[in-house]
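The following paragraphs lead through a protein structure by way of its side-chain interactions and the burial of its residues. The reader is invited to keep the sequence and the coordinates in view throughout.

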Amino acid sequence: MRSFVPNEICSGYDNLSGRTPKKVLVNGGAGFLGSHLCERLLKGGHEVICLDNFSTGRRSNVHHLRPFSRFRIIEHDVRSPFDVDAALIFNFASPASPPDYQRDPVGTLLTNVLGAVNALDLARRNGATIVQSSTSEVYGDPEHSPQRESYCGNVNPVGPRACYDEGKRSAETLFFDYHRTYGVDIRVGRIFNTYGPRMRPDDGRVVSNFIVQALQNKNITIYGDGSQTRSFCYVDDLIEGFLRFSNAGKKCTGPINLGNPAEIPVRQLAEVIREMTNSRSRIVHLPRVTDDPKQRRPDISRAQAKLGWQPRVALEVGLGRTIEYFEARLSAAKVAEAV
């Protein structure tokens, strides 16, 4: 695995995280996305505070950042108020995979609602800019594709996924009400399926599931007939979008879709991963999951126009990097078991 180089710029991007170093708070900074964001902000010269309760985030995700004097960790649950001196806040604290958020649905909903309130109150006290990581799940099982930010969705507020979907929708409401009522400087970005290194092998997401199953030559499990489509964005692309968004000015509040508009059926994704891993796995089908969207594809014209952003990393390139990461993880686990 590549080591972290402080001045290296990811994926050939220009450094758009701000010319003047800032004190930045990343809620959920030890998670999959949060850890990549912390790393990129450090590379931009900022002071970074990672706040996490480590319920789904992992200390190993940010272990390589600990030697840097501009980085510190605060162990805290965003459902309780917190007071941190920061000029820029990224609110990425929430379970994001179905097994995680369905394990504690009440806690998930409260993390999104109370976490938003506490983060917004902090931004209001500090006069800080605050960026919310929302989700494409606010569109539910969409009846229109691609999904535009103006689409209000086709949602089930009482289903098994509602704790996450409605939590994120409520958080968006709070962000815009704090903006209109108190003048808080907000950004709301809606994340579409994102993948890459530091995903958990057991997080239940389709990319990590398929890769781990393929590498272990186990059955690759598809829920439903596999015709449902997804649009996968590599993590470096997504983080670049959020950094541009955070720097876009007070009039650019969003919501803005951040994702890759290239659409692929889940069955085809399984076949691509099986081929890339030279796996002997069989593809098997299980019953469709309740409220699982049939289509997920972002309209990113707003991000292109306002941020000058679009994804650059092709799916097979990103999958190759992610497969390499999981190969290393699984090999290390085997060595540990043998010791």
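How many of the 10 residues of helix α5 (residues 206–215) are buried? Eight are, and the helix is accordingly described as mostly covered. The buried residues of α5 are V207, S208, N209, F210, I211, V212, Q213 and A214. After α5 comes N217, which has a positive phi near 55°. It should be stated at this point that the model is predicted.

The aromatic side chains may be considered next. Over the whole structure, a search identifies nine aromatic pairs. One of them joins Y195 and F232 in an edge-to-face arrangement, with 6.4 Å from centre to centre and 85° between the planes. Y195 belongs to strand β7 (residues 194–195), whereas F232 is in the loop between β9 (229–231) and β10 (233–234), so the pair ties together parts that are 37 residues apart in sequence. Both partners are withdrawn from the surface: Y195 is buried, at a relative accessible area of 0%, and F232 also counts as buried, at 4% relative accessibility. A further pair is formed by Y325 and F326, whose ring centres are 5.3 Å apart; because their planes stand at 70°, over the 60-degree limit, this pair is edge-to-face as well. Y325 is buried, with a relative accessible area of 8%, and F326 is buried, with a value of 0%. In addition, F90, F92 and F242 make up one aromatic cluster.

Aromatic rings also receive charged groups. The charged end of R59 is placed over the ring of F54, at 3.9 Å from the ring centre. Likewise, R124 lies over the face of Y182, with a distance of 3.6 Å to the centre of the ring.

Strand β9 also contains T229. This residue is buried, with a relative accessible area of 10%. Which residues does T229 contact, leaving aside its neighbours within four places in sequence? They are E263, I264, P265, K294, Q295 and R296.

Attention now turns to P95, which is located in the loop between β4 (88–91) and α2 (98–103). P95 is buried, its relative accessible area being 12%. Apart from neighbours within four places in sequence, P95 is in contact with T56, D100, Y101, T108, T111 and Y164. As for T111, its C-alpha atom is separated from that of P95 by 8.5 Å, although the two residues are 16 residues apart along the chain.

D100, one of the contacts of P95, leads to the charged interactions. A search of the whole structure yields 24 salt bridges. Among them is the bridge between R103 and D100, in which the closest N and O atoms are 2.9 Å apart. Both residues lie in helix α2, three residues apart, or about one turn of the helix. An α-helix has 3.6 residues a turn, so residues three or four places apart point the same way. Are the two partners buried or exposed? R103 is exposed, with a relative accessible area of 59%, whereas D100 counts as buried at 8%. These two residues are also part of a network of salt bridges that links D100, R103, R200 and D202.

A second bridge within a helix is formed by E240 and R244, whose side chains meet at 2.7 Å from N to O. These residues are four residues apart in helix α6 (residues 235–246), and are therefore separated by about one helical turn. E240 and R244 are both buried.

A salt bridge outside the helices is that of E137 with R161, where the closest N and O atoms are 3.2 Å apart. Both partners lie in the loop between β5 (129–135) and α4 (162–182), and the pair links distant parts of the chain, 24 residues apart. E137 and R161 are both buried.

The final feature is found at the surface. V106, L110 and L114 make a nonpolar surface patch of about 240 Å². Of these residues, L110 lies in helix α3 (residues 105–126). L110 is partly exposed, because its relative accessible area of 36% falls between the limits of 20% for buried and 50% for exposed.

Methods:
Residues numbered from 1 in each chain as written. Predicted model: local features only at pLDDT ≥ 70, side-chain atom pairs only at ≥ 80, totals over all residues. Heavy atoms only, no water. Phe/Tyr/Trp six-rings, centres within 6.5 Å; stacked < 30°, edge-to-face > 60°. Helix = DSSP H or I, 4+ residues; strand = E, 2+ residues; numbered from the N terminus. Buried < 20%, exposed > 50% of the residue type's maximum accessible area, 1.4 Å probe, protein only. Lys NZ or Arg CZ within 6 Å of the ring centre and 35° of its normal. Contact = heavy atoms within 4.5 Å. Patch = residues over 30% accessible without salt bridge, like charges linked within 9 Å, V, L, I, M, F, W, Y side chains within 5 Å. Areas by Shrake-Rupley, 256 points an atom, 1.4 Å probe, with all protein chains shown as cover. Salt bridge = Lys/Arg side-chain N within 4 Å of Asp/Glu carboxyl O.
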